[in-house]
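Subject: Structure for your files

Dear colleague,

Here is the structure I said I would pass on. My notes on it follow below.

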Amino acid sequence: MSNYKDSKRKVGSQSEIPSIEENSNAIIVKGYQNFTIDKTSLVINAKSKFEKINKVLEELRDTQEYNSFCDIGCSSGIVSILAYKNNFKNIVSIDHDPEYIGILQELANKLNITNIDAKMESFGANKGIYDVVFCGAIIHWVWSLTSDFTSFEKIFEYLTSITNNILLIEWISERDHAIRGFGHITKNKENYTTANFDRCIVKYFKLIKKIELDGFSRILYVVEKYHHQ
């Protein structure tokens with residue numbers, strides 16, 4: 001069992017107690033997200049999925065002038081830091097867990113990053129509008145357990161309302177071992193399937209591409225908001 005397990009934290013990000021350590025060269029973040037940042041170069045050592053996310057951010061940076069970024073379910077903030085490295089000027093980072101928000105605030109302070117606004121908020125509370133919105137591996141929890149968002153339709157209605165251009169959303173399919181193990185998707189009348197997810201997302205966004213982040217069952221959808229004339 002991990003040293004960071006806490007009986008009050010049951011599953012997913014809630015099963016890990018975040019912590020931050022520092023030595024002369026690097027900052028080490030532990031918890032649901034584990035990564036190391038070189039304090040001088042800001043080079044991040046983390047799971048390969050974050051290299052793939054960073055590549056997408058680099059492509060967005062190189063092709064468009066996007067300034068604002070929202071990281072929903074930010075955890076310790078690795079994607080927010082990647083957004084900072086890719087020259088997003090206004091970064092809002094949201095998580096419902098105060099301990100993770102505290103870690104991100106401490107991390108930003110140590111790295112002298114002043115344009116990350118870390119907020120403790122539940123999904124759907126933020127009403128800003130952002131050039132790029134990132135939504136990590138939280139949709140299965142939102143869909144299952146958040147009373148105002150118990151359908152893909154409601155989730156995408158909200159996400160399109162805060163997305164000005166690009167949505168990056170991580171889908172964890174019904175075949176994923178964690179989904180099967182948690183058993184939480186039975187709490188909803190709608191079927192939690194890739195087909196239903198796909199059917200709904202294209203009503204609000206144009207698919208640009210899909211990227212495997214961690215095997216076949218965890219996919220990053222890169223989509224663009226429709227702008228009706």
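Helices and strands here are DSSP runs, numbered from the N terminus, with at least four residues for a helix and at least two for a strand. The model is a predicted one.

**Ser-217 and Arg-218**

On that numbering, Ser-217 sits in the loop that connects β10 (205-212) with β11. The next residue in the notes, Arg-218, belongs to strand β11, which covers residues 218-225.

Buried is taken as under 20% relative accessible area. Ser-217 has a relative accessible area of 6% and is therefore buried. Arg-218, at 15%, is buried as well, because that value is also under the 20% cut-off.

Which side chain does Ser-217 reach with a polar contact? The partner is the side chain of Asp-176, at 2.6 Å. The side chain of Arg-218 also makes a polar contact with the side chain of Asp-176, in this case at 3.0 Å.

With neighbours within four places in sequence set aside, the contacts of Ser-217 are Trp-171, Ile-172, Ser-173 and Asp-176. For Arg-218, under the same exclusion, the contacts include Glu-170, Trp-171, Ile-172 and Asp-176. Also in contact with Arg-218 are His-177 and Ala-178, along with Ile-211, Glu-212 and Leu-213.

One further distance concerns Ser-217: its C-alpha is 9.6 Å from that of Thr-194, and the two residues are 23 apart in sequence.

**The sheet β1-β2-β3-β4**

Four strands form an open sheet in the order β1-β2-β3-β4, paired antiparallel. Its edge strands are β1 and β4, each of which pairs on one side only.

Strand β1 (residues 19-22) and strand β2 (residues 26-30) run antiparallel and are joined by four bridges. The connection from β1 to β2 is a hairpin of three residues. Within this pair, Ser-19 stands opposite Lys-30 of β2.

At the other edge, two bridges join strand β3 (residues 35-38) to β4, again antiparallel. Ile-37 has Ile-44 in β4 as its bridge partner.

**The second largest pocket**

Ile-44 comes up again here. The second largest pocket holds about 160 Å³ of space. It is lined by 13 residues, and those closest to its centre are Ile-44, Phe-50, Glu-51, Asn-54 and Leu-82. Three elements each give two or more residues to the lining: β4 (44-45), α1 (48-63) and α2 (78-85).

Which element gives the most to this lining? That is α1, with five residues. By residue type, the lining divides into five nonpolar, five charged and three polar residues.

**Helix α2**

Of the elements that line the pocket, α2 also has an entry of its own. Six of the eight residues of α2 are buried, so the helix is mostly covered by the under 20% criterion. The buried residues are Ile-78, Val-79, Ser-80, Ile-81, Leu-82 and Ala-83. Leu-82 is thus on both lists, being buried in α2 and among the residues closest to the centre of the second largest pocket. Just after α2, Asn-87 takes a positive phi of about 70°.

**In brief**

Two points to look at when you open the file are Asp-176, whose side chain makes polar contacts with the side chains of Ser-217 and Arg-218, and Ile-44, which pairs with Ile-37 and is one of the residues closest to the centre of the second largest pocket.

Regards

Key. Residues numbered from 1 in each chain as written. Predicted model: local features only at pLDDT ≥ 70, side-chain atom pairs only at ≥ 80, totals over all residues. Heavy atoms only, no water. Buried < 20%, exposed > 50% of the residue type's maximum accessible area, 1.4 Å probe, protein only. Polar contact = N/O pair within 3.5 Å; in protein donor to acceptor, adjacent residues only side chain to side chain. Contact = heavy atoms within 4.5 Å. 1 Å grid on protein atoms, 1.4 Å probe; cavity = no way out; pocket = protein on both sides within 12 Å on 5 of 7 lines; lining within 4 Å. Points joined across faces, edges and corners; volume = space filled by probe spheres on them. Nonpolar A, V, L, I, M, F, W, Y, C, P; charged D, E, K, R; others polar. Pairing = 2+ DSSP bridges.
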